[in-house]
Amino acid sequence: DVLSEWNDSQYDSHEEEQEEDDNEASSVISSLGRSLQANDPFQPRGNRKNKNTNGGRNKKKNKQTNHKRKLPKIDRLTPSNGQTIQSKQTFSARAQPSSVTKEDIKTVSFQLKDMNGASSGWLDVPKVSSTMYELTVDGFEKYVDTDWSYVMQVEDTNGKKQSTDTIGFTVGGSKGNNEGGNDNNGESDKDVPSKAPPAPSPRLPKKKVTDSNWTHKGAIQAATGRIMFEFDDGTDQSFVCSGTVVMDGKRSQSIDTKNGRTIIQTAAHCAYNDVLKKFASKAVFIPDQVSTKGDKSNFVSSDDPYGIWYLSFATIAKGWRDGSFP
């Protein structure tokens with residue numbers, strides 16, 4: 001009986017402990033379930049949060065894509081990344097307007113970085129066709145087996161810019177003979193020239209060139225003349241240059257009789273003083289000035305067969321204006 005009571009007591013105690021353990025387990029599972037439920041991505045609240053996050057990312061991505069589409073395009077770069085060049089290299093790229101804005105290309109620029117990491121300034125790349133731009137650089141023979149890089153940038157007339165990735169290249173060629181080599185029938189490399197020395201250049205014949213007038217008259221003589229101009233510099237000094245009438249029309253291939261313009265082609269310094277940073281204050285063109293009745297160039301119209309033409313304005317290249325001559 002005592003043993004029976006003790007067993008019953010133990011049994012009751014075990015049941016109570018089991019109930020407590022079950023209650024604890026139930027409580028833990030219940031809490032864990034609530035935690036899992038709160039973090040369940042398939043619950044409405046979690047789904048709404050995930051949807052908002054993805055929507056924000058997509059909106060930002062679309063905005064970046066739209067911005068990129070408004071930029072001018074530049075591609076087809078030469079040389080390509082990792083290419084080996086020689087002593088002279090033409091750097092080229094294709095530049096096109098944005099397919100969205102369709103703004104014309106204003107400039108394509110080029111920047112070179114040497115093996116020490118020093119960068120050049122931004123250089124304008126000349127346009128050689130409707131979409132291609134090229135710039136040739138020589139002198140790399142001094143830097144054989146060194147690594148360089150370059151970047152190109154395009155800008156449209158609206159000021160939008162697009163730059164390429166940095167393009168790396170290696171300068172190839174040969175530095176000369178390897179010291180201590182012995183691959184030429186026992187002779188040292190430095191005793192064997194890499195190539196024969198160049199032959200001396202033949203002397204060019206000297207011919208004295210003298211100034212002379214065009215003797216065949218006709219359209220060439222009538223279209224060529226003298227420009228006489230002055231600058232507002234406090235003096236009465238006049239200067240003279242030569243000039244030529246050029247066709248003003250569509251691509252210089254057809255005459256446009258409606259605009260009433262006559263264009264004279266001449267050197268920039270005949271229209272702009274790079275020291276004073278001023279355009280000429282007074283300028284005339286004298287066609288066929290060689291046939292003048294005067295004893296020198298002047299502003300007297302009656303002295304010349306076609307009279308004198310007063311010039312309205314002049315245009316020069318921006319690069320020449322910002323620089324200095326020579």
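Colleague: In what order do the five strands of the open sheet come, and is the pairing parallel or antiparallel?

Modeller: Bearing in mind that this is a predicted model, the five strands of the open sheet run in the order β14-β11-β10-β17-β18, with antiparallel pairing. The edge strands are β14, residues 263-265, and β18, residues 309-310, each of which pairs on one side only.

Colleague: How many bridges are there between β10 and β11?

Modeller: Strand β10, which covers residues 224-230, and strand β11, which covers residues 238-246, are paired in the antiparallel sense over seven bridges. To give one position you can look up, G225 has G243 in β11 as its bridge partner.

Colleague: Where does the disulfide sit?

Modeller: The structure holds one disulfide, and this bond joins C241 to C270 with an S to S distance of 2.0 Å. The pair links distant parts of the chain, since C241 belongs to strand β11 while C270 is in the loop between β14 and β15, and the two cysteines are 29 residues apart.

Colleague: Are those cysteines buried or exposed, and what is the handedness of the disulfide?

Modeller: Both C241 and C270 are buried. The torsion about their S-S bond is about -80°, so the disulfide is left-handed.

Colleague: Switching to pockets, what volume does the largest one have?

Modeller: The largest pocket has a volume of about 750 Å³. Of the 25 residues that line this pocket, I264, L311, F313, A314 and T315 are the closest to its centre. The elements that give two or more residues to the lining are β14, β17 and β18, and β14 gives the most, with three residues.

Colleague: And what is the lining made of, by class?

Modeller: The lining of the largest pocket has 16 nonpolar residues, together with seven polar and two charged ones.

Colleague: What about the second largest pocket, which residues lie nearest its centre?

Modeller: The second largest pocket holds about 320 Å³ of space and is lined by 13 residues, of which N213, T224, G225, Q289 and V290 lie nearest the centre. Two or more lining residues come from each of α3, β10 and β11. By class, the lining of this second pocket has five nonpolar, six polar and two charged residues.

Colleague: Now strand β6, which side chains point to which face?

Modeller: Along β6, residues 132-138, the side chains alternate, with Y133, L135 and V137 pointing to one face and buried, whereas M132, E134, T136 and D138 point to the other face and are not buried. In a regular strand the side chains alternate between the two faces of the sheet.

Colleague: Which strand is β6 joined to by seven bridges, and what is the bridge partner of S92?

Modeller: Strand β3, residues 88-96, is joined to β6 by seven bridges, and the two run antiparallel. The bridge partner of S92 is E134 in β6.

Colleague: One last residue, L112: where is it found, and why would you call it buried or exposed?

Modeller: L112 is found in strand β4, which spans residues 105-113. I would call L112 buried because its relative accessible area is 13%, and buried means under 20%.

Colleague: What is L112 in contact with, leaving aside its neighbours within four places in sequence?

Modeller: With those neighbours left aside, L112 is in contact with F91, A118, S119, S120, F140, W148, S149, Y150 and F169. In addition, L112 and M152 are 40 residues apart in sequence, while their C-alpha atoms are 9.0 Å apart in space.

Technical notes:
Residues are numbered from 1 along each chain as its sequence is written. This is a predicted model: local features need pLDDT of at least 70, side-chain atom pairs count only at pLDDT 80 or more; totals for chains, interfaces and linings use all residues. Side-chain values use heavy atoms; hydrogens and water are left out. Helices (H or I, at least four residues) and strands (E, at least two) are DSSP runs, numbered from the N terminus. Buried means under 20% relative accessible area, exposed over 50%, partly exposed in between (1.4 Å probe, protein chains only). Contact means heavy atoms within 4.5 Å. Two strands pair if DSSP finds at least two bridges between them. On a 1 Å grid over the protein atoms alone, a cavity is a set of points where a 1.4 Å probe fits but cannot get out, and a pocket is an open set with protein on both sides within 12 Å along at least five of seven lines; lining residues have an atom within 4 Å of a point. Grid points are joined across faces, edges and corners, and a volume is the space filled by probe spheres set on the points. Ala, Val, Leu, Ile, Met, Phe, Trp, Tyr, Cys and Pro count as nonpolar, Asp, Glu, Lys and Arg as charged, and the others, Gly among them, as polar. A disulfide is a pair of cysteine sulfur atoms within 2.5 Å.
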